[in-house]
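User: Please take a close look at one part of the structure shown here, and then explain how its surroundings are built. Kindly define each term when it is used.

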Amino acid sequence: MTRDCRPHALAVATAVLGVVAASAQAPPPRAASPIVFENVSDTAGLSFVLNQHPTPEKNMVETMAGGLAVFDYDGDGLPDIFFTNGAPLPSLRKESPSDWNRLFRNTGGLRFTDVTEQAGVRGIGYATGAAAADYDNDGRVDLFVAGVQHNQLLRNTGNGRFEDVTASSAIANYKWSVAAGWFDYDNDGWLDLFIVNYVDWTPQTNKFCGDRGKDLRVYCHPKHYEGLANALYRNRHDGTFEDVSARSGIGKYVGKGMSVAFADYDGDGFMDVFVTNDAIPDYLFHNRRDGTFEEVGLMAGVSVPASGRPVSSMGVDFRDYDNDGRPDIALTALTGETFPLFKNDRAGFFRDVTYESGLGSSTVRLSGWGTVLADFDNDGFKDLMTANSHANDRIEAFEATTYRQTNAVFHNVNGRFENVSAHAGPDFAVARAHRGIGVGDFDGDGRLDIVVTVLGDRPQLLHNVSEPDNGWLTLRLVGQASNREGIGAVVHAGSQTDEMTTSVGYASSSDYGVHFGLGRARSVDRVELSWPSGVKQVLEDVRGNRVVTVTEPKK
């Protein structure tokens, strides 16, 4: 996540940057960007400020705050936004309203109302990640909040409130849980919980990193702390969970986890797990279909980029970017590492196509956190957006890069990415300490909007005003034999493929259904769904420019 400021490390980093400087930025597009956003933060009512509680001691957690969740908590069809927030150090306990996690209800017209108190979601400790999904199959979306020494499971009671059921659910606390995600690993129709744990750090064990002689203190590189194993909890169908971390094989891999994403990468009908690790090889857990997983990152070609060196992997999305029907992996990292892209080449193998896709030269000087693959201009190919900033707020004292950075959007042109950030709207020229990304069609116009968290500042709500004439189709899934939201269902719409998931980006969660851009088309001849239960479903001549609710047929 962060880099040493030792002289030899600085010299190497500076040399690397010098070599790539000439090709570091993709040439600006010749025409205006097909993807354009306008910042509507000032009028949206999102009064939240991300209070990470920075201190002179440079506690590691201060730079890693910023997870959020986009989901419809009240079932009115409009996506709402939940923000995690920090707490004072070293107590790690929320002491005032400025520390509360915040929930904002979407009231329409790109306006939001703070409903934190009535919803009962203010939180307890220092929170970093959020994961939203309906774990009890009652039709209401619940919320898991990950944090330092304290996790929370909040059950949606359906009356605008959440109930803290952490203790009764049997979900444990860990030294530091950065993120989490929901998926049905055993296809029993109930969502299970994967918790991403980082390192064995506490405020009391925080170390000095930097140069004492120059009075230069920085956030420590993760190598200074022991890693932690991730955790897997199986849903018992009665509101409680069973810790199957050891039995499943997940628990024997000690990492330094940052985020998680799910997809059935080998097409066997069971969801697999990709975990980003900070400065050590990433994990790809292949689902063996018997309740256990095998870690195959190295064999599959995704543990490290083609250079053979681990990177500071941050956020991740696990989707088909090139419309070949197979989910690929896109992640963010720090300056000099590029944002790796792994193409799924069948037979369980991936290929590093970072430079081939155009992302290498466009991202080598960027540091990224949240990332999402989504079709922002509805042309039929998923584009890439990243929330950018270095992890170290004093990086400019010892590396040729910047701490605050502008966000980036990359237009997907038949599987190759073009950096169109310079023309994507004025907000893409403003450098900030960006962290998490949330995705949702907040105004219901068929174009996916973005919300980005910023350390020490208000979030940025970016309204999508891209090409309005392209068609679109959003599917909302209702499982019967499968889990209620159809998480894990694979959907083929014409030449496109996507998978229903809410795990997107860095320590964040977004439920925007299964969204397809249609270009100039106004309908899809054939939509095929493969539900986690094994049920197959075909829809023909599906009219576009609308949200379609699809209910799983009973077996």
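Analyst: Pro 90 lies in the loop between strand 3 (80–83) and strand 4 (102–108). Here helices (H or I, at least four residues) and strands (E, at least two) are DSSP runs, numbered from the N terminus. The peptide bond that leads from Leu 89 into Pro 90 is cis, with omega near 10°. Most peptide bonds are trans, and most residues other than glycine have a negative phi.

This is a predicted model in which local features need pLDDT of at least 70 and side-chain atom pairs count only at pLDDT 80 or more, while totals for chains, interfaces and linings use all residues. Residues are numbered from 1 along each chain as its sequence is written, and side-chain values use heavy atoms, with hydrogens and water left out.

Two further loops hold a residue with a positive phi. His 237 belongs to the loop between strand 15 (231–235) and strand 16 (241–243), and its phi is near 75°, a positive value in a residue other than glycine. With a relative accessibility of 34%, His 237 counts as partly exposed; buried means under 20% relative accessible area, exposed over 50%, and partly exposed in between (1.4 Å probe, protein chains only). Asn 414 is placed in the loop between strand 28 (408–413) and strand 29 (416–419), and has a phi near 55°, again positive in a residue other than glycine. Because its relative accessible area is 63%, Asn 414 is exposed.

The loop of Asn 414 leads to strand 29, where Arg 416 is found. Arg 416 has a relative accessible area of 43% and is therefore partly exposed. If neighbours within four places in sequence are set aside, Arg 416 is in contact with Tyr 355, Glu 356, Ser 357, Gly 358 and His 411; contact means heavy atoms within 4.5 Å. Arg 416 and Thr 551 are 135 residues apart in sequence, and their C-alpha atoms are 35 Å apart in space.

On the other side of the same loop is strand 28, which pairs with strand 27 in the antiparallel sense over three bridges. Two strands pair if DSSP finds at least two bridges between them. Met 385 of strand 27 has Val 409 in strand 28 as its bridge partner. Strand 27 also pairs with strand 26 (residues 368–374), in the antiparallel sense and over five bridges. In that pairing, Leu 373 has Leu 384 of strand 27 as its bridge partner.

How many residues of strand 27 (residues 383–388) are buried? Six of its six residues are buried, so strand 27 is largely enclosed by the rest of the structure. In a regular strand the side chains alternate between the two faces of the sheet. Both faces of strand 27 are covered: Asp 383, Met 385 and Ala 387 are buried on one side, and Leu 384, Thr 386 and Asn 388 are buried on the other.

Strand 22 (residues 316–319) may be read in a similar way. Both of its faces are covered, with Val 316 and Phe 318 buried on one side and Asp 317 and Arg 319 buried on the other. Strand 22 runs antiparallel to strand 23 (residues 328–331), and four bridges join them. Within this pair, Asp 317 stands opposite Ala 330 in strand 23.

Ser 177, in strand 10 (residues 177–183), is buried because its relative accessible area is 0%. Apart from neighbours within four places in sequence, the residues in contact with Ser 177 are Thr 128, Ala 146, Gly 147, Asn 151, Ile 195, Val 196 and Asn 197. Asp 427 is 250 residues from Ser 177 along the chain, and their C-alpha atoms are separated by 31 Å.

The whole chain provides the setting for these parts. It has seven helices and 40 strands, and its C-alpha atoms fill a box of roughly 70 × 55 × 50 Å along the principal axes. For 555 residues a compact globule would have a radius of gyration near 24 Å, and the chain's 21 Å agrees with this; the radius is taken over C-alpha atoms, and the globule rule is 2.2 Å times the number of residues to the power 0.38. Buried residues make up 63% of the 555 residues. Of the contacts with a separation of 6 or more, 61% join residues 24 or more positions apart.
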